[in-house]
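Q: Please take a close look at a single part of this model. From there, please explain how that part relates to the rest, in terms suited to a reader new to the structure.

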Amino acid sequence: MTLAILAIIGGFILLVWSADRFVEGAAATAKYAGMPPLLIGMVVVGFGTSAPEMVVSAMAALDNNPDLALGNAIGSNIVNIGLILGLTAIIAPIIVQSDIVRKEIPLLLLIGLLLGYFLWDGALTRFEAVLLLVGFFALIGWSIYSAMKGKGDALEGEMEQELVNHAMPIKKAIFWLIFGLVVLIISSRILVWGAVSIAQALGVSDLIIGLTIIALGTSLPELAASIIAVRKGEHDIAIGNVVGSNMFNILAVIGIAGIISPMTNLTGEVLSRDWLVMMGMTVVLLVMAYGFRKTGRINRLEGAGLLLAFCAYNLWLVSSVIA
């Protein structure tokens, strides 16, 4: 048990560090490749901050733990909205000015509904997982199109400033891109082993471990990125990072894991509890951030509400384990 706990702590530390290096290296490399700043913000950074979830869920699926992979993805989305946006908004109210972000939130809601439809029968087949992955590539295509058409968007200006602040030579950028990915994979393997070992020792399901410990750990890069962004006044990066990550989690993270190991005999709580909480938070985010007839905004009181909802959900999970 002690070794498993050390594996989780060490895995988390390496995961957060390597994810940060990977994202910075990927963004700088994309800039040298001539990719527009807006596209880097929408695709490269969004994909990079979801890399921990992707690698951890893929490792879990390879180890024949699909429930851990699914719990990681759904739990990360709940963490992203409830904990990360809630805490970020308490630190500094989030103002949503980007038209692209405003378009992404309803799209996130539709993607979540699609996942619910696939999980309705208590399983996720390999074919359904392939459809999710196809949706992921369609999302990338839409992001490229939006970036090409979104000149002057508020997110573009914020991303340009970030690229200037984190400029690095091309060789250094490529090094961190590759080395960050390697360490990311290694740390994910260590983390999954530790989490599964503890789950087996305590008799807790892989799903619960994925929804709690693993979801929180793999979402730490988004937490750091959003808090730093909002303190700099880069509100659209803060919320765009979360929305993009949530879409990638459903389409790519669950899609990849489901292709590796189809998910069968899922517990009813996945749909009646976890998916419903994720969708409820997504709807609340849409209402808060979309800004019907005015600028979207998540104020401190609303942020506190999101954080309380996140805490209540986790108490619900803990009570279900104790019971």
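A: Leucine 14 is placed in helix H1, an element that covers residues 2-32. The model is a predicted one, and every value below was computed from it. With a relative accessible area of 36%, leucine 14 is partly exposed, because that class lies between the limits of 20% for buried and 50% for exposed.

Leucine 14 does not stand alone on the surface. Together with Tyr32, Ile170, Ile174, Ile178, Val182, Ile186 and Ile190, Leu14 forms a nonpolar patch. The accessible area of these residues together is about 670 Å². Two elements each give two or more residues to the patch, namely helix H1 and helix H8 (170-202). Of the contributors, H8 gives the most, with six residues. An area of 36% admits leucine 14 to such a patch, because membership asks for over 30% relative accessible area and no salt bridge.

Another residue of helix H1 is leucine 6. At 54% relative accessibility, leucine 6 is exposed, because this value is over 50%. Leucine 6 can also be placed relative to isoleucine 213: their C-alpha atoms are 14 Å apart, although the two positions lie 207 residues apart in the count along the chain.

Helix H8 can be followed in a similar way. Alanine 201 is part of this helix, and its relative accessible area of 52% makes it exposed. The C-alpha atom of alanine 201 is separated by 7.4 Å from that of methionine 1, a residue 200 positions away along the chain.

Isoleucine 213, named above as a partner of leucine 6, leads to a pocket. It is one of the residues that line the second largest pocket, where Leu202, Val204, Ile208, Ile209, Thr212, Asn314, Leu317, Val318 and Val321 are also found. The space in this pocket is about 150 Å³. Helix H9 (206-218) and helix H13 (300-322) each supply at least two residues of the lining. In terms of class, the lining holds eight nonpolar residues, two polar ones and no charged ones.

The interior offers a contrast with the exposed positions. Isoleucine 78 is located in helix H4, which spans residues 66-91. Its relative accessible area is 1%, and isoleucine 78 is therefore buried, since the limit for that class is under 20%. Between isoleucine 78 and isoleucine 185 there are 23 Å, C-alpha to C-alpha, at a separation of 107 residues in sequence. Glycine 244, in helix H11 (residues 235-260), is likewise buried, at 6% relative accessibility. From glycine 244 to arginine 297 the C-alpha atoms are 18 Å apart, and the two residues are 53 apart along the chain.

Two loops deserve a separate word on backbone geometry. Most residues other than glycine have a negative phi. Asparagine 64, in the loop between helix H3 (51-62) and helix H4, has instead a positive phi near 60°. Asparagine 64 is exposed, with a relative accessible area of 56%. Asparagine 265 also has a positive phi, of about 55°, although it is not a glycine. The loop that holds asparagine 265 runs between H11 and helix H12 (269-290). Asparagine 265 is exposed as well, at a relative accessible area of 73%.

The remaining topic is charge. Side chains of opposite charge can pair when their charged atoms come close. Arginine 273 and aspartate 274 form a salt bridge through their side chains, with 2.7 Å from N to O. The pair qualifies because a salt bridge requires a side-chain nitrogen of Lys or Arg within 4 Å of a carboxyl oxygen of Asp or Glu. By this rule, the count is one salt bridge. Both arginine 273 and aspartate 274 are buried.

To return to the starting point, leucine 14 is a partly exposed residue in helix H1, and it belongs to a nonpolar patch on the surface to which H8 gives the most residues.

How values were computed: Residues numbered from 1 in each chain as written. Predicted model: local features only at pLDDT ≥ 70, side-chain atom pairs only at ≥ 80, totals over all residues. Heavy atoms only, no water. 1 Å grid on protein atoms, 1.4 Å probe; cavity = no way out; pocket = protein on both sides within 12 Å on 5 of 7 lines; lining within 4 Å. Points joined across faces, edges and corners; volume = space filled by probe spheres on them. Helix = DSSP H or I, 4+ residues; strand = E, 2+ residues; numbered from the N terminus. Nonpolar A, V, L, I, M, F, W, Y, C, P; charged D, E, K, R; others polar. Patch = residues over 30% accessible without salt bridge, like charges linked within 9 Å, V, L, I, M, F, W, Y side chains within 5 Å. Areas by Shrake-Rupley, 256 points an atom, 1.4 Å probe, with all protein chains shown as cover. Buried < 20%, exposed > 50% of the residue type's maximum accessible area, 1.4 Å probe, protein only.
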